[in-house]
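Colleague: I should like to go through this structure with you, one feature at a time. Please give the reasoning behind each reply.

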Amino acid sequence: IMEASTGMAMYEAGEIDYLGDPGWGPPLPDIDRIKADPVLSKEFKIHPFLCTYYYGFVNTKPPFKDNPNLRKAFCAAIDRKSLIENVTKGEQKPAHTFVCPGIFGNAADDMTIAPYLLDHEEGLKKAKEWIAEAGYPEGEGLDLVLMHNVSEAHAKIAQAIQAMWKEAFPKAKITIETQEWKVYLKTLLPDAPDEEKPHIYRIGWCADYPDANNWLNEVFNPKSSQNYAKYNNPKFTELIEKAAVEQDPEVRKKLYNEAERIFIDEDMGICPIYYYTRLTLDKPYMTNRPLQPGGGGDPVWLWTMDWGAKKAAKAK
């Protein structure tokens, strides 16, 4: 099933019993209807999910190359609260750090790190100042591509953010492009040609294990094949590599906190947007359905259902 709308139609027709793979669930335009429906609302659930949704900047490609103020401007101009309330509608949390809450070493509670990302009025004011300091007042002279993998949900989010950027930077040209997932991943690989990459890309990261090493070191170390942003700051790298071998948990927390400060507040190597939740629909005859809170895949071999209740439901 390639699109959430197809999955939703099949779910309502009784052709599938569960909708909500990691990263996507019920279609965003249907969330209000689902919440208001007397049957669907009882089958709809919102779960914790150890993931962060973010936009990346290709740090080696102009105009974002060597221009942290421009990266900051585009990140600060996003109204995260409005995006969640009006588009995603799944009780996600606005993000101002990369590592999400629930992960050891996360700095999400440190409101001194990029606080303007959580205050849209302040963020928008700073965004307009930063884009002018970057040499592109009101976005004049910018012709950018925002790319995401094919998905109805990612398209809705991209369109909303594109509108926010156009309002903040009226002279900028921002085009949205899409690619199929497998092609998209090849486009983003660090060793792929920069000229074939978008300026800004959509991606998410989910926990393989609940430690900031799995996020900051394994994703954004310059040697990582996951470092699609091609981010490289020696101070940041020194901190995350030191934290990887440090034995004192409190020292590790401080190292990761300082790494996030450099990564987001100083460099804005990427743009965190929100901390995920997971939205699911499952039929009432699904009696036991444990989920994986990170990105490691669900233990579907443990799921059970009342087969008699399912047959009775299909008969209706």
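Colleague: In this predicted model, what is the N to O distance in the salt bridge between arginine 252 and aspartate 211?

Modeller: Arginine 252 belongs to helix 11, whereas aspartate 211 sits in the loop between strand 6 (200-206) and helix 9 (216-220), so the salt bridge ties together parts that are 41 residues apart in sequence. Both arginine 252 and aspartate 211 are buried. Their side chains meet with an N to O distance of 2.9 Å.

Colleague: Which lysine forms a salt bridge with glutamate 138, and are the two partners distant or close along the chain?

Modeller: The closest N and O atoms of the pair are 3.4 Å apart, within the 4 Å cut-off for a salt bridge. The pair links distant parts of the chain, 33 residues apart: glutamate 138 is in the loop between helix 6 (120-133) and strand 4 (143-149), and its partner is in the loop between helix 7 (152-168) and strand 5 (173-179). Glutamate 138 has 42% relative accessibility and therefore counts as partly exposed; its partner, at 46%, also counts as partly exposed. That partner of glutamate 138 is lysine 171.

Colleague: In which helix do glutamate 250 and lysine 253 both lie?

Modeller: Glutamate 250 and lysine 253 form a salt bridge, with their closest N and O atoms 3.5 Å apart. Glutamate 250 is partly exposed because its relative accessible area is 46%, and lysine 253 is partly exposed because its value is 36%. The two residues are 3 positions apart, about one turn of the helix, and the element that holds both is helix 11.

Colleague: How many salt bridges does a search of the whole structure find?

Modeller: Besides the pairs discussed, there is a network of salt bridges that links Glu12, Asp30 and Arg33. For the whole structure, the search gives a total of 16 salt bridges.

Colleague: Are helix 10 and helix 11 roughly parallel or roughly antiparallel to each other?

Modeller: The axes of helix 10 (residues 234-245) and helix 11 (residues 249-266) come within 9 Å of each other. Helix 10 passes helix 11 in a left-handed crossing. The axes cross at roughly 155°; angles over 145 degrees count as roughly antiparallel. The two helices are therefore roughly antiparallel.

Colleague: Which two residues are joined by a cis peptide bond?

Modeller: Most peptide bonds are trans. Here, one bond has an omega of about 5° and is cis. The second of its residues, proline 63, is in the loop between strand 2 (44-57) and helix 4 (68-76). The bond joins proline 62 and proline 63.

Colleague: Is lysine 89 buried or exposed, and what is the state of lysine 230?

Modeller: Most residues other than glycine have a negative phi. Lysine 89, in the loop between helix 5 (80-88) and strand 3 (93-94), has a positive phi near 55°, and lysine 230, in the loop between helix 9 and helix 10, also has a positive phi near 55°. At 18% relative accessibility, under the 20% limit, lysine 89 counts as buried. Because its relative accessible area is 24%, lysine 230 is partly exposed.

Colleague: What is the area of the nonpolar surface patch that includes tryptophan 301?

Modeller: Tryptophan 301 is placed in the loop between strand 8 (286-288) and strand 9 (304-305). Its relative accessible area is 67%, so tryptophan 301 is exposed. Together with Val300 and Leu302, Trp301 makes a nonpolar surface patch of about 360 Å².

Note on methods. Residues numbered from 1 in each chain as written. Predicted model: local features only at pLDDT ≥ 70, side-chain atom pairs only at ≥ 80, totals over all residues. Heavy atoms only, no water. Patch = residues over 30% accessible without salt bridge, like charges linked within 9 Å, V, L, I, M, F, W, Y side chains within 5 Å. Areas by Shrake-Rupley, 256 points an atom, 1.4 Å probe, with all protein chains shown as cover. Helix = DSSP H or I, 4+ residues; strand = E, 2+ residues; numbered from the N terminus. Buried < 20%, exposed > 50% of the residue type's maximum accessible area, 1.4 Å probe, protein only. Axes fitted to C-alpha atoms, helices over the stretch in contact; angles between N-to-C directions. Parallel < 35°, antiparallel > 145°, perpendicular 65-115°, else oblique. Left-handed = near helix turned anticlockwise from the far one by under 90°.
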